[in-house]
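Here are some notes to read alongside the model, written for someone meeting it for the first time. Please keep the viewer open and look up each residue as it comes.

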Amino acid sequence: MLAKHTQFVWRLVALAFLVGVTSPAIAAAEETWKLLPRPAPLPHAVKSGYAAVNDIRMYYAIYGKGEPVILLHGGLANANYWGNQVPALAAKFKVIVAESRGHGRSTQSEQPFGYHLMASDVLALMDHLGIRKAALVGWSDGGIIGLDIAINHPERLTKLFAFGANYTPAGVREDVGKNATFNAYIEQAGKDYVRLSPTPQNYAAFVEAIGKMWASEPNYTVEQLRGIKVPTVIADGEHDEAIKREHTTEMARLIPRARLLIMPGVSHFAMLQKPREFNKDVLDFLTDGRRAHHVSTVPRSQR
């Protein structure tokens, strides 16, 4: 398995240098789940800036008022990917978008990337902003960071919505490196990196470092998942390019009272492909705990 993931890492590095790749975002008459739309621009923030957390400067922005909800992006991405979600959520909540170390505008250090380290960055940001507890909506790597906090610091979370996450490297599809939509995402993320990063020339090295993390982490145990007490939705797209369906289902079964959500007609990039449906599912969960669309509680007999 590790050898297959190592090959994927080097494929990502090679793709970082590609130009002119045909993006599914402009392909005609494609299924929605094959498209990669750009997010809407983020609205004007109530407050934004950098927090000195651990050994980095972490970018964040705040929108709206109310109970706090933290949005965490996926690997290689940045806070701008939440442009379709922030206006909908900020109408009811205080929304904080944050960029993981080395991503977007945030700096990185010499420490190797790791989910527990990035989770500690989020907790330090919460301390910096005076937030004792918050709901967390995480996409992909952001969802894994949410799982790490739910396992190790459940007292800091009110709810967790984890989309497109995995709890071991075995949950990643072996053919993800061949997927046109995912490859187009890596190419687009590279353009964003050059535009936003304080080290715009380092994308290839950045992709290699993240790829190494993907190949070896996360490594949460069955016992750790069974110990999660935070109200949780484990979500994914019907056509996820990166995460195995059986892995997502297994996570929902292992986490006590977790709800399983499989969004139809979308992939790993559901928040871009069908933002209205994605937002409704998140809001239904955050506002009163009702079942979001397509959510089914996993029967106790199947845990």
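**Notes on the model**

1. Let's begin with a charge over a ring: R38 sits over the face of Y81, 5.7 Å from the ring centre. Please keep in mind that this is a predicted model. R57 is placed in a similar way, over the face of Y50, with 4.3 Å to the ring centre.

2. Y81 also belongs to a group of rings. Ring pairs link Y81, W82, W139, F182, Y185 and F269 into a cluster. The count of aromatic pairs comes to 16. One of them joins W139 and F269 edge-to-face, with 6.2 Å from centre to centre and 70° between the planes. This pair links distant parts of the chain, 130 residues apart: W139 belongs to strand β5 (residues 134-139), while F269 is in the loop between β8 (259-263) and α9 (270-273). Both W139 and F269 are buried.

3. Now have a look at F163 and F278. Their ring centres are 5.6 Å apart and their planes lie at 70°, so this pair is edge-to-face; planes over 60 degrees apart count as such. Because F163 lies in strand β6 (residues 157-163) and F278 in helix α10 (residues 275-288), the pair ties together parts that are 115 residues apart in sequence. F163 is buried, as is F278.

4. Next come the charged pairs. Side chains of opposite charge can pair when their charged atoms come close. Here the count is 12 salt bridges. Among them is the one between E99 and R105, at 2.4 Å from N to O. Are these two partners buried or exposed? Both E99 and R105 are buried. Salt bridges that share partners also join R38, D192 and R195 into one network, and R38 is the residue that lies over the face of Y81.

5. Two further salt bridges are worth finding. E31 and K34 meet through their side chains at 3.5 Å, N to O. E31 has 37% relative accessibility, so it counts as partly exposed; K34, at 28%, therefore counts as partly exposed too. In the other bridge, the closest N and O atoms of E208 and K212 are 3.8 Å apart. E208 and K212 both lie in helix α6 (residues 203-216), four residues apart, which is about one turn of the helix.

6. Helix α3 (residues 115-129) makes a nice check on geometry. At 1.5 Å a residue, its 15 residues should span 21 Å, and the end C-alpha atoms are indeed 21 Å apart, so the two values agree. How many of the residues of α3 are buried? The helix is mostly covered, with 11 of its 15 residues buried. Among the buried ones are Y115, D121, M126 and L129. Just after α3, G130 takes a positive phi of about 70°.

7. Finally, please trace the hairpin. Strand β1 (residues 47-53) pairs with strand β2 (residues 56-63) in the antiparallel sense, over seven bridges. To follow the register, start from S48, whose bridge partner in β2 is A61. Two residues lie between the strands of this hairpin, and N54 in the turn has a positive phi of about 50°.

Terms used: Residues numbered from 1 in each chain as written. Predicted model: local features only at pLDDT ≥ 70, side-chain atom pairs only at ≥ 80, totals over all residues. Heavy atoms only, no water. Expected span 1.5 Å × (residues − 1). Buried < 20%, exposed > 50% of the residue type's maximum accessible area, 1.4 Å probe, protein only. Salt bridge = Lys/Arg side-chain N within 4 Å of Asp/Glu carboxyl O. Pairing = 2+ DSSP bridges. Phe/Tyr/Trp six-rings, centres within 6.5 Å; stacked < 30°, edge-to-face > 60°. Lys NZ or Arg CZ within 6 Å of the ring centre and 35° of its normal.
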